[in-house]
Amino acid sequence: MYTQALDTLGAEAASLGEGALEQRFLARVDAEEKIEPKDWMPARYRNTLIRQISQHAHSEIVGMLPEGNWITRAPTLKRKAILIAKVQDEGGHGAYLYSAAETLGVSRDQLIDQLLSGKAKYSSIFNYPTPTWADVGAIGWLVDGAAIMNQIPLCRCSYGPYARGMVRVCREESFHQRQGYDLMLHLARGTPEQKRMAQEALNRWWWPALMMFGPSDANSTHSGDSQRWKIKRFSNDELRQKFVDFTVPQAKFLDLSVPDPLLRWDEAKQMHTFGPIDWNEFDQVLKGNGPCNVERLAARRHAHAEGQWVRDAASAYAEKQRQRAITQAA
């Protein structure tokens with residue numbers, strides 16, 4: 001495990017000052033070299049990565065809940081199988097990301113404790129309810145679509161374990177986005193009631209999906225350092241604009257209306273302009289006052305408690321194997 005052998009200084013680094021080390025680090029980042037777990041890195045870079053990767057991991061795990069709620073109620077066996085596969089993928093993504101965070105010297109237990117205590121954040125989008133089957137489609141189309149827009153550049157992140165983990169995550173998220181759009185397409189071309197259900201789901205998820213990219217660049221706390229260190233390649237507003245430009249034509253193909261009366265195509269700029277985002281709502285959800293904040297954390301705490309016997313059994317088995325190895329070596 002990387003966390004057992006982190007080399008944050010090393011013989012060569014010990015002879016250099018902090019300023020020289022950081023200059024060498026920045027030169028490597030600028031040269032598009034990957035920073036690996038044993039390489040020297042600034043504490044701020046390490047802490048930024050821990051914060052971002054852990055929030056990403058928490059989001060994948062909590063993100064299983066809104067759709068997992070619909071597994072037993074999926075309308076067909078095919079849709080049930082697709083949804084089970086998708087929710088399973090999200091759990092796997094969380095595991096990959098926790099592993100990547102562990103290479104930075106933080107334990108998985110610490111990260112999970114931070115989530116369960118409410119100290120750590122996860123994506124605000126998962127604090128919204130899924131009242132109809134169409135919400136499953138809207139999440140796949142819009143939420144996973146926004147995730148792909150945000151995550152594909154992370155495949156070129158300067159930190160090696162995160163970048164490599166994101167390659168598989170993005171491939172699977174592409175499947176999630178396609179299944180969501182396929183579901184919306186079937187609803188939009190179905191009965192009037194099904195189309196209405198699809199439209200209402202789009203109305204519910206459009207603005208929260210735009211908030212997924214984070215605060216506007218003017219109010220983003222961490223974007224500057226993240227872009228300088230090439231953890232992020234694009235700003236929040238750039239990614240949000242790409243998402244809008246990519247998604248609006250898809251909505252038109254579905255014959256659904258984006259719930260923004262100010263949405264326009266700007267011919268001169270070759271992009272869509274759109275109305276103001278309600279950042280007060282975003283702030284309230286982040287503070288724990290969203291529609292499902294309490295419910296989501298309660299579900300995770302319950303699942304963690306229910307799984308204690310599995311962790312205890314695994315630890316007991318590992319200790320038994322260790323003792324057996326010692327006996328055999330004696």
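Start by selecting helix H3 (residues 43-62) together with H5: their axes come within 8 Å of each other and cross at roughly 160 degrees. That angle makes H3 roughly antiparallel to H5, because anything over 145 degrees counts as roughly antiparallel. Look along the pair and you can check the handedness, since the crossing of H3 and H5 is left-handed. Keep in mind on this tour that you are looking at a predicted model.

**Second stop: H5 and H8**

Keep H5 (residues 77-102) on screen, hide H3 and bring in H8. Two packed helices are described by the angle between their axes and the distance between the axes. Here the angle is about 160 degrees and the axes lie 10 Å apart. So H5 is roughly antiparallel to H8 as well as packed against it. H5 passes H8 in a left-handed crossing.

**Third stop: along H8**

Now leave H8 alone in view, residues 160-188. How far apart are its end C-alpha atoms? They are 42 Å apart, and this agrees with the 42 Å that its 29 residues should span at 1.5 Å a residue. Then center your view on Val 167, where H8 has a kink of about 25 degrees.

**Fourth stop: the loop before H3**

Go back towards H3 and pick Glu 32, which sits in the loop between helix H2 (18-30) and H3. Display its backbone: the phi of Glu 32 is near 65 degrees, a positive value in a residue other than glycine. Is Glu 32 buried, partly exposed or exposed? With a relative accessible area of 41%, Glu 32 is partly exposed, because that class lies between the 20% and 50% limits.

**Fifth stop: the strands S1 and S2**

Next, select Gln 270 in the loop between strand S1 (264-266) and strand S2 (271-273). Gln 270 is not a glycine either, yet it has a positive phi of about 55 degrees. Its relative accessibility of 45% makes Gln 270 partly exposed.

Step into strand S2 and click on His 272. At 6% relative accessibility, His 272 counts as buried, because buried means under 20%. Add Val 244 to the selection and draw a distance between the two C-alpha atoms: His 272 and Val 244 are 7.0 Å apart in space, although 28 residues separate them in sequence.

**Last stop: helix H11**

Finish on H11, residues 236-254, and choose Asn 236, which lies in this helix. Asn 236 is buried, with a relative accessible area of 5%. Which partners does the side chain of Asn 236 have? One is the side chain of Lys 232, joined to Asn 236 by a polar contact of 2.5 Å. Another is the backbone oxygen of Phe 213, which the side chain of Asn 236 reaches at 3.4 Å. Show all of these residues as sticks and you can trace each contact by eye.

Then move on to Arg 240, also found in helix H11. Buried or exposed? Arg 240 counts as buried, at 2% relative accessibility. Turn on the side chain of Asp 237 too, and you will find it in polar contact with the side chain of Arg 240 at 2.8 Å.

Definitions and conventions: Residues are numbered from 1 along each chain as its sequence is written. This is a predicted model: local features need pLDDT of at least 70, side-chain atom pairs count only at pLDDT 80 or more; totals for chains, interfaces and linings use all residues. Side-chain values use heavy atoms; hydrogens and water are left out. Helices (H or I, at least four residues) and strands (E, at least two) are DSSP runs, numbered from the N terminus. Buried means under 20% relative accessible area, exposed over 50%, partly exposed in between (1.4 Å probe, protein chains only). A polar contact is a pair of N or O atoms within 3.5 Å; within protein, one must be able to donate a hydrogen and the other to accept it, and residues adjacent in sequence count only if both atoms are side-chain atoms. The expected span of a helix is 1.5 Å times one less than its number of residues. The bend at a residue is the angle between axes fitted to the seven residues ending there and the seven starting there. Axes are lines fitted to C-alpha atoms, for helices over the stretch in contact, and angles run from 0 to 180 degrees between N-to-C directions. Angles under 35 degrees count as roughly parallel, over 145 as roughly antiparallel, 65 to 115 as roughly perpendicular and the rest as oblique. A crossing is left-handed if the near helix is turned anticlockwise from the far one by less than a right angle, and right-handed if clockwise.
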